[in-house]
Amino acid sequence: MDMIFKLAIPIIMQIIEKLLSPENIIKYGDRLFDFIEDAVVSSETTIDDITVLPLVKALRNALSIPDND
Ligand SMILES: [Ca+2]
């Protein structure tokens, strides 16, 4: 069993590294942030608007994920 893990881990890590390319992080990060922003804006309460939206904006800036929509 150990042997299988030792063989599989480098392959799995290669796949993960490909999935976590800068392009994919920006693409799926933007989708995730869009989803959060939409949910927050469309909810009835405005408390999340003034707390969550600035956090998402800060994360977008920090991670260089612009809001393209
Ligand atoms: Ca809201």
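**Packing of helices H2 and H3**

Helices H2 and H3 lie roughly antiparallel to each other, since angles over 145 degrees count as such and their axes cross at roughly 165°. The model described here is predicted. In it, H2 covers residues 22-42 and H3 covers residues 47-63, and the two axes come within 10 Å. The crossing of H2 past H3 is left-handed.

A closer look at the contact shows who meets whom. From H2, the participants are Gly29, Phe33, Ile36, Glu37, Val40 and Val41, and they face Asp48, Asp49, Val52, Leu53, Val56, Arg60 and Leu63 of H3. By class, the residues of this contact comprise eight nonpolar, four charged and one polar.

Helix H3 also invites a simple check of its length. With 17 residues at 1.5 Å a residue, H3 should span 24 Å, and its end C-alpha atoms are indeed 24 Å apart, so the two values agree. Just beyond H3, Ser64 adopts a positive phi of about 55°.

As for confidence, the protein chain has an average pLDDT of 94, with 99% of the residues scoring at least 70. Among the elements of the chain, H3 has the highest mean pLDDT, at 96, while helix H1 (residues 2-19) has the lowest, at 94.

Conventions. Residues numbered from 1 in each chain as written. Predicted model: local features only at pLDDT ≥ 70, side-chain atom pairs only at ≥ 80, totals over all residues. Axes fitted to C-alpha atoms, helices over the stretch in contact; angles between N-to-C directions. Helix = DSSP H or I, 4+ residues; strand = E, 2+ residues; numbered from the N terminus. Parallel < 35°, antiparallel > 145°, perpendicular 65-115°, else oblique. Left-handed = near helix turned anticlockwise from the far one by under 90°. Contact = placed C-beta atoms within 7 Å. Nonpolar A, V, L, I, M, F, W, Y, C, P; charged D, E, K, R; others polar. pLDDT = per-residue confidence, 0-100. Expected span 1.5 Å × (residues − 1).
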